[in-house]
Amino acid sequence: MSTITQLIHSIPVDEQTGAIAVPIYQTSTFVQEAPGVNKGYDYARTNNPTREILEKIVAQLEEGATGIAFSSGLAAIDAVLKLLKSGDEIVAVDDIYGGAFRLFTKVYEKFGIKVTYVDTSDIQAVFNAITPATRLIWLETPTNPTLKISDIAAIAKVAKASKCLFCVDNTFASPVLQQPLELGADIVVHSATKYLGGHSDLIAGVVVTKTAELGAEIRFYQNACGAILSPFDSFLLIRGIETLHLRVRQHCSNAQQIAEYLENHPLVDKVYYPGLSSHPNHLLAKQQSNGFGGIVSFSLKDDTEEAAKAFVTNTRYFKLAESLGGIKSLLCHPASMTHKSIPDEKRRAAGVADSLIRLSVGLEEPEDLLEDLTQTFNKIHQSSPVVSGL
């Protein structure tokens with residue numbers, strides 16, 4: 001059975017009514033026959049039928065034992081960090097999502113958890129950063145926003161030898177393109193707001209664990225801390241996942257065309273997309289993934305925030321907004337938006353240049369998106385004295 005057919009038929013028909021779509025169980029509590037005697041549900045923070053179906057679907061998508069759904073991607077990350085205690089250390093990818101960086105440094109470091117940031121595309125750098133106190137390796141691949149690729153299987157071996165947990169943020173790739181648990185990771189997290197939901201109409205996060213034992217620990221924190229996904233958003237997320245494979249396939253196709261266009265544009269300095277043969281990790285991406293994703297980043301030869309802001313405020317179809325992974329194309333300026341919480345020197349050292357622009361390539365016709373980029377480049381070319389001589 002193909003993975004697409006498997007996904008579609010993992011979404012159950014409602015046994016009670018025969019409904020082909022998963023019902024929304026919009027209830028806060030459940031009637032019990034006697035204290036502790038119920039139909040598997042007692043209070044909706046602890047469990048809910050709609051959320052439970054979603055969690056089983058995402059666990060199967062990632063080939064994991066347990067799925068746990070949260071009210072946001074950061075809530076999912078937060079639940080994983082609660083596995084740690086004061087004195088523990090994390091080795092994390094240096095080109096990290098700004099929200100995760102803020103959570104690590106502004107919340108968990110004050111509780112005595114140290115974080116060391118390294119270029120995880122360099123296996124030796126990961127190995128060298130590990131100490132006897134390291135309890136977690138935190139990876140994003142592709143990274144946000146410079147799309148570095150790290151060797152998941154190799155890092156998994158380092159984690160296992162060091163007896164520490166290995167968590168991969170799989171948001172950018174989605175389980176359609178990459179399955180970290182199959183490559184040796186212990187935990188996968190997603191901002192389900194992005195490709196899993198796919199329509200820019202919900203906020204959600206999920207954690208999937210390789211083992212049921214680890215899943216039980218995360219589920220304890222889900223219930224104890226209460227950052228659960230609502231029944232309605234669970235329903236929306238199931239609906240979005242139904243078309244995940246089709247959407248991701250088109251995102252990849254559109255992004256490849258745009259990356260190739262940008263690579264040959266005279267106003268562009270660098271293009272970051274694993275699908276380009278010029279990408280330093282292209283062969284690794286090809287080996288461990290089934291595609292290269294829908295995100296393309298690039299920097300301008302006029303490497304200033306002013307030039308980048310001029311670009312992102314002049315597009316027609318690419319809408320200036322936070323987030324990514326939806327059917328409509330978006331763009332953002334990481335230095336002043338998604339990565340604003342990261343100090344400038346650390347941001348630049350991780351490769352996030354002042355002029356870096358991140359595109360979330362949507363499902364519009366690629367010709368229309370290319371035309372949009374062309375007219376925007378023409379505008380900034382005419383107005384910028386720095387590039388007017390090109």
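**Exercise 1. The second largest cavity**

Task: Find how much space lies in the second largest cavity, and which residues line it.

Solution:
- In this predicted model, the second largest cavity holds about 40 Å³ of space.
- Its lining is made up of D94, D95, I96, F101, H339, I342, K346, A350 and V352.
- Sort that lining by class: five residues are nonpolar, one is polar and three are charged.
- I96 also belongs to a core of 31 residues, which includes I77, Y108 and I113 as well.

**Exercise 2. The largest cavity**

Task: State how many cavities of 30 Å³ or more the structure holds, then describe the lining of the largest by class.

Solution:
- The count is three.
- The largest cavity has a volume of about 80 Å³.
- Its lining includes P142, I149, F172, A173, L177 and Q178. Further along the chain, P274, A285, S289, G291, F292 and G293 also line it.
- By class, eight of these residues are nonpolar and four are polar. None is charged.

**Exercise 3. Two pockets**

Task: Work out which residues lie closest to the centre of the largest pocket, and which elements supply at least two residues of its lining. Then turn to the lining of the second largest pocket.

Solution:
- The largest pocket offers about 440 Å³ of space.
- It is lined by 28 residues, and Y97, G99, N144, S191 and K194 are closest to the centre.
- α3 (73-81), α4 (98-108) and β6 (187-191) each give at least two residues to the lining.
- The class count for the largest pocket is nine nonpolar, twelve polar and seven charged.
- The second largest pocket has a volume of about 370 Å³.
- Among the residues lining the second largest pocket are P12, V13, D14, E15, Q16, P23, Y25 and Y41. P49, E52, I53 and K56 line it too.
- For the second largest pocket, the classes come to seven nonpolar, one polar and four charged.

**Exercise 4. Helix α2**

Task: Decide whether α2 is mostly covered or mostly open, and check its span against the expected value.

Solution:
- α2 covers residues 49-61, 13 in number.
- From first C-alpha to last, α2 reaches 19 Å, close to the expected 18 Å.
- Take under 20% relative accessible area as buried. Ten of the 13 residues then qualify, and α2 is mostly covered.
- The buried set is P49, T50, R51, I53, L54, E55, I57, V58, A59 and L61.
- P49 and I53 also line the second largest pocket.

**Exercise 5. The largest nonpolar core**

Task: Name the residues that touch the most other members of the largest nonpolar core, and trace the contacts of L237.

Solution:
- The core has 52 residues.
- L54, I57, I137, F166, L237 and I241 touch the most other members.
- Leave out residues up to four places away in sequence. L237 then touches L54, A192, L196, G197, L202, A204, V206 and L229.
- L54 and I57 are buried residues of α2.

**Exercise 6. I203 in its loop**

Task: Place I203 and list what it touches.

Solution:
- I203 sits in the loop between β6 and β7 (205-209).
- Beyond four places in sequence, I203 touches S71, S72, T193, L229 and D233.
- L229 is 26 residues from I203 along the chain, with 8.7 Å between their C-alpha atoms.

**Exercise 7. Helix α10**

Task: Find the span of α10 and its buried residues.

Solution:
- α10 runs over residues 244-263, which is 20 residues.
- α10 reaches 28 Å, close to the 28 Å expected.
- Its buried residues are L244, H245, R247, V248, H251, C252, N254, A255, Q256, I258, A259 and L262.
- Residues three or four places apart in an α-helix point the same way, because there are 3.6 residues a turn.

Technical notes. Residues numbered from 1 in each chain as written. Predicted model: local features only at pLDDT ≥ 70, side-chain atom pairs only at ≥ 80, totals over all residues. Heavy atoms only, no water. Helix = DSSP H or I, 4+ residues; strand = E, 2+ residues; numbered from the N terminus. Expected span 1.5 Å × (residues − 1). Buried < 20%, exposed > 50% of the residue type's maximum accessible area, 1.4 Å probe, protein only. 1 Å grid on protein atoms, 1.4 Å probe; cavity = no way out; pocket = protein on both sides within 12 Å on 5 of 7 lines; lining within 4 Å. Points joined across faces, edges and corners; volume = space filled by probe spheres on them. Nonpolar A, V, L, I, M, F, W, Y, C, P; charged D, E, K, R; others polar. Core = buried A, V, L, I, M, F, W, Y, C linked by side-chain atoms within 4.5 Å. Contact = heavy atoms within 4.5 Å.
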